[in-house]
Structure formats: C-alpha cells, structure tokens
Amino acid sequence: QVQLVESGGGSVQAGGSLRLSCAVSGYRYYTRPRMSWFRQAPGKEREGVAAIDSRGNTLYADSVKGRFTISKDNAKNTLYLQMNSLKPEDTAMYYCAAETAPYELGASLYSVDFDYWGQGTQVTVSS
C-alpha cells in the first residue's frame with residue numbers, strides 16, 4: 001500500500017516562500033511512481049499544480065509557472081514543491097498524489113489519474 005506523508009505547510013506573507021515535502025513509501029513496482037501536487041481552496045475544485053513523472057519530466061499549471069518548482073529525491077523517496085513569490089490566491093490545502101504501474105507513466109495534473117493521496121498540508125498566504 002502506497003503511503004504519502006506531507007509536511008512543510010504554514011502561514012506566510014505575500015511574496016514569501018515555502019517548501020512542501022511528501023515522503024512516499026510502499027510502492028511495489030520497479031518503476032517509480034508519477035507524482036503531483038494538487039491544491040483545493042474552500043469552495044473550489046481541486047486543481048493540479050505541478051507534476052513530475054518517473055523520469056523527471058515536469059508539468060505546471062499556468063497559475064504557478066515561474067514561481068513553483070517540483071522536484072524529487074529518489075534516494076529519500078521524497079517529493080518537494082518549492083513555492084516562491086507566493087500570492088494570497090495560493091492559499092489552499094495542498095495534497096501530494098502518486099500513481100504506480102509496472103510501466104512508465106507520464107506527468108499528469110488530472111486528479112482522476114491518481115489512486116494515492118496524502119492527508120494534505122495547509123498553506124495560507126496573507127496580503
């Protein structure tokens with residue numbers, strides 16, 4: 001069973017930075033999972049923010065391009081999201097998600113493509 005544990009959320013003023021982490025364990029296939037970060041603000045749908053596939057190819061939502069960077073440390077089985085130049089509209093619960101398969105999976109920002117989710121970490125950006 002794949003398990004995801006997020007950390008790193010918090011409160012920050014606009015223009016500040018935060019780094020989210022997601023420790024992943026339990027995937028059984030030889031190929032590494034594709035992983036993504038999603039966020040959901042109150043009253044809004046969950047949206048994909050950043051994605052990375054097993055080979056390190058990345059994908060970003062237009063709203064965060066140039067400000068957020070997704071990366072992973074395969075040795076530590078940890079996914080990161082570096083968030084710079086934060087805006088109040090970035091305020092949301094942030095979730096990491098993973099999907100595994102016995103073959104390579106491309107990066108995805110669609111929540112339906114993922115079976116495994118973390119518990120979420122809150123990010124609040126004040127103006």
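How many bridges join strand 7 to strand 8? In this predicted model, six bridges join strand 7 to strand 8, which spans residues 78-83. The two strands run antiparallel. They form a hairpin with four residues between them. Within the turn, N77 has a positive phi of about 50°. Along the paired stretch, I70 stands opposite L81 of strand 8.

The hairpin belongs to an open sheet. Four strands make up this sheet, in the order 1-3-8-7. Their pairing is antiparallel. Strand 1 (3-7) and strand 7 (68-73) each have a single partner strand, so one side of each is left without a neighbour in the sheet. These two strands therefore stand at the edges. From one strand to the next, the twist averages 15°. At the strand 1 edge, five bridges join strand 1 to strand 3. This pair also runs antiparallel. Here S7 has S21, in strand 3, as its bridge partner.

Strand 3 also carries one end of a disulfide. The structure has one disulfide. A disulfide is a covalent bond between the sulfur atoms of two cysteines. In this case C22 is joined to C96, with an S to S distance of 2.0 Å. The link of C22 and C96 is right-handed, with 50° about the S-S bond. C22 lies in strand 3 (residues 18-25) and C96 in strand 9 (residues 92-99), so the disulfide ties together parts that are 74 residues apart in sequence. Both C22 and C96 are buried.

Strand 4 covers residues 34-40 and includes R39. Is R39 buried or exposed? R39 counts as buried because its relative accessibility is 6%, under the 20% cut-off. Its side chain makes a polar contact of 2.7 Å with the side chain of E47. A polar contact of 3.5 Å links the side chains of R39 and S63. With neighbours within four places in sequence left aside, the contacts of R39 also include residues further along the chain. Among them are V49, V64, F68, E89, D90 and Y94.

Aromatic residues form another set of links to strand 4. Three aromatic pairs are found in the whole structure. A pair of aromatic rings is described by the distance of the centres and the angle of the planes. One of the pairs is F38 with F114, which is edge-to-face. Its rings lie 5.5 Å apart, centre to centre, with 75° between the planes. F38 lies in strand 4 and F114 in the loop between strand 9 and strand 10 (116-117), so this pair ties together parts that are 76 residues apart in sequence. F38 and F114 are both buried.

F38 also pairs with W117, and this pair is tilted. The centres are 4.9 Å apart, and the planes make an angle of 55°. Because F38 lies in strand 4 and W117 in strand 10, the pair ties together parts that are 79 residues apart in sequence. What is the accessibility class of each partner? F38 has 1% relative accessibility and so counts as buried. W117, at 27%, counts as partly exposed. Together, F38, F114 and W117 form one aromatic cluster.

Key
Residues numbered from 1 in each chain as written. Predicted model: local features only at pLDDT ≥ 70, side-chain atom pairs only at ≥ 80, totals over all residues. Heavy atoms only, no water. Disulfide = S-S within 2.5 Å. Buried < 20%, exposed > 50% of the residue type's maximum accessible area, 1.4 Å probe, protein only. Polar contact = N/O pair within 3.5 Å; in protein donor to acceptor, adjacent residues only side chain to side chain. Contact = heavy atoms within 4.5 Å. Pairing = 2+ DSSP bridges. Axes fitted to C-alpha atoms, helices over the stretch in contact; angles between N-to-C directions. Phe/Tyr/Trp six-rings, centres within 6.5 Å; stacked < 30°, edge-to-face > 60°.
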